[in-house]
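Morning, everyone. I have one model to walk through today. Let me put it on the screen.

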Amino acid sequence: MENEITSAAVQTNLNVVWTLIAGILVFTMQAGFALVETGFTRAKNAANIMMKNLMDFAAGSLAFYVLGAALMFGATKADGWLGWGGLGMPSLANGEGAWDWTFLFFQTMFCATAATIVSGAVAERIEFKSYLIYSVLISAVVYPVSGHWMWGGLAGEASRGWLERIGFHDFAGSTVVHSVGGWIALAGAMALGPRIGKYRHDGKANPIPGHSLVLGTLGVFLLWIGWFGFNPGSYTAGIGSIGRVAMTTNLSACAGTISALVTAWAIMGKPDLTMALNGSLAGLVAITAPCDVVTANAAILIGLVAGIFVVLSVFSLDRLHIDDPVGAVSVHCVNGVWGTIAVGLFAAPVASSYGNTIAGLFYGGGWKLLGIQSLGALSTALWAFGMGSAVFFTLKKLGILRVPAKTELKGLDMVEHGQDAYASFQFFSNT
Amino acid sequence: MKLIIAYIQPERLNAVKQALFVREIYKISVTNALGCGRQGGYIHMYRGATEEVTLHKKMRLAIAVNDDYIEKTIDAIIEGARTGDIGDGKIFVLPMDECVRIRTGERGPEAIG
């Protein structure tokens, strides 16, 4: 019977619907990133940052469809190091109930998340053309290659990557998405150098306040909403476990918010909104890898540590004169690594309801999982930071990486785009 | 006593502040301004439409000084604001009849301090 309703058919369609909704939630994170990055930087560069967030999504989605998806989810060619499925993945199945397109849509949103992380770290000084070149390269090559190592198998046994094969666990992408984006962001910030006026002659950092903490806060809330697609959606199935993962995700985010607030308060003497916001994101990034294999209490602990890490990392980067205007490296790179390591510490067989049996150091699993997680974090770091450095330092050699000093001082909006983000607003125009 | 008013490029403000600071001139007020001098404004294009005279964003500095600080202040503004390009701005030096510090009621050079 062609139209017979079977429980299997209902489940299949439920999986499609949930995964698609989750993908749309992940797309919401684009708006979140755009607002966080714009709010945390100066008004004179707001249109430029919006433009970059728009373009990395548009260019990145196309690049991932044409080339990236094939490298990430094509059949493995070199022992799990590289996939190849042909340009535009010609093998995508068509017809009623076809899962492939939903899967590709969902994965495209993840790729775009990695790509857009970088724009915050390179904000207010990168040349627009260079940013476009970078956007295409990360989505077409850098993200898909390391993604294949860890997630290739999501598309089938034939495309399992080498890290998956040895038992590496990154449920929703602390490493695959966030630390890849974070490492490239670090490479970008280092290649560009600090914004004019960021560091004084005596080596101390000058504050360059963001122009709208209202936009920045709204952005963090949007990212947080998006994460409820990012993590629970990564089951790509409408099953009972999605609710528990939504809870671990939220607990970690809240714990990260509070511990970042307290850490910053203790060090600086004031409850700093921007640090608390970074803390929310730090907790979210950190719980992304372990969200399905840890207990709720462990999720809180992971978030608490993430919030401390993010604040200390922001201060440390300033001490090293690496200028990251929005804290992208501290949020995504540092806590992406932490979340990945946390799997090796806190993975608890009792927490899993999806046939998962891995156990971390604190749950009788010994050192093995911790070692595998560390190997995954390290190899991804080498790949992403190496490729990011290659791209950004090449652009620097070509002399097209950074805008001229005069453009930077006047603001990228008027000089690069000929448009003010706030044409009829008054703001203090020298900052 | 003089009132020194200067219009400068917004992006030069930090350099001017620095140059004033090293000459121990700390009392300064700054506001946003729009205007054009010899450049005659600029042509602005937005979504394909052009506007012919658009005023430039400038910063307006007002600094009240005693006579022995006039030249130092002018030097500092020039040092910080001059790039050699058209649009660097102008300095106006105006006579000033009186100055009163509201908190104490002091008058004249004392009030400028």
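Start in chain B: which residue of β5(B) stands opposite Ala33(B)? The partner is Lys58(B). Keep in mind throughout that this is a predicted model.

Now the strands around that pair. β2(B) and β5(B) run antiparallel, and seven bridges join them. β2 of chain B covers residues 29-35, and β5 of chain B covers residues 56-65.

Move across to β1. Strand β1 of chain B, residues 2-8, is antiparallel to β5(B), again with seven bridges. On the other side, β1(B) pairs with strand β6, residues 89-95 of chain B. That pairing is also antiparallel, over seven bridges.

Ile5(B) is a good residue to click on. In β5(B), Ala62(B) stands opposite Ile5(B). In β6(B), Phe92(B) is the bridge partner of Ile5(B).

Put the pieces together. What is the strand order of the open sheet in chain B? Reading across, the order is β2-β5-β1-β6, four strands with antiparallel pairing. β2 and β6 of chain B are the edge strands, each with a single partner, so each has one side without a neighbour in the sheet. From one strand to the next, the twist averages 20°.

Next, the hairpin, still in chain B. Strand β3, residues 42-46, and β4(B) run antiparallel and are joined by four bridges. β4 covers residues 49-54 of chain B. Two pairs to look at. His44(B) is opposite Glu51(B). Met45(B) is opposite Thr50(B).

The turn has two residues between the strands. Arg47(B) takes a positive phi there, near 50°.

Is this hairpin buried or in the open? Take β3(B): zero of the five residues are buried, so the strand lies largely in the open. β4(B) is hardly covered either, with zero buried residues among its six.

Over to chain A, and the helices. Helix α2 of chain A runs over residues 46-73, and helix α4 of chain A over residues 128-151. How do they pack? The angle is about 35°, and the axes are 8 Å apart. The crossing of α2(A) and α4(A) is right-handed. By class, their contact has 16 nonpolar, seven polar and two charged residues.

Now the cores. How many residues does the largest nonpolar core have? The count is 135. The residues with the most contacts inside that core are Ala185(A), Ile302(A) and Ala347(A). α2(A) contributes the largest share of this core, 13 residues. There is also a second, separate core of 16 residues. Its members include Val16(B), Val65(B), Tyr69(B) and Ala81(B).

Zoom in on Ile302(A). Set aside neighbours within four places in sequence. What does Ile302(A) still contact? Among the partners are Ser252(A), Ala286(A), Ile287(A) and Pro290(A). Val294(A), Gly339(A), Ala342(A) and Phe346(A) are partners of Ile302(A) too.

Two loop residues in chain A deserve a stop. Where does Thr236(A) sit? Look in the loop between α7, residues 213-230, and α8 of chain A. Its phi is near 45°, a positive value in a residue other than glycine. Thr236(A) has 18 other C-beta atoms within 10 Å, so it is partly exposed; burial would take 20 or more.

The other is His321(A). Find the loop between α10, residues 296-319, and α11, residues 328-346, of chain A. Phi of His321(A) is positive as well, near 60°. Why does His321(A) count as partly exposed? Because it has 13 C-beta neighbours inside 10 Å, and exposed would mean 12 or fewer.

One more residue in chain A. Ile258(A) is in helix α8, residues 241-268. It is partly exposed, with 18 other C-beta atoms within 10 Å. Now find Thr407(A), which is 149 residues from Ile258(A) along the chain. Their C-alpha atoms are 39 Å apart.

Last stop, where the chains meet. How many residues does each chain bring to the contact? Nine come from chain A and nine from chain B. On the side of chain A that touches chain B, two residues are nonpolar, six are polar and one is charged.

That's the tour. Questions, please.

Note on methods
Residues are numbered from 1 along each chain as its sequence is written. Chains are lettered from A and ligands numbered from 1 in the order in which they are written. This is a predicted model: local features need pLDDT of at least 70, side-chain atom pairs count only at pLDDT 80 or more; totals for chains, interfaces and linings use all residues. Axes are lines fitted to C-alpha atoms, for helices over the stretch in contact, and angles run from 0 to 180 degrees between N-to-C directions. A crossing is left-handed if the near helix is turned anticlockwise from the far one by less than a right angle, and right-handed if clockwise. Ala, Val, Leu, Ile, Met, Phe, Trp, Tyr, Cys and Pro count as nonpolar, Asp, Glu, Lys and Arg as charged, and the others, Gly among them, as polar. Two residues are in contact if their C-beta atoms, placed from the backbone, lie within 7 Å. Two strands pair if DSSP finds at least two bridges between them. A nonpolar core is a set of buried Ala, Val, Leu, Ile, Met, Phe, Trp, Tyr and Cys residues joined through C-beta atoms within 7 Å.
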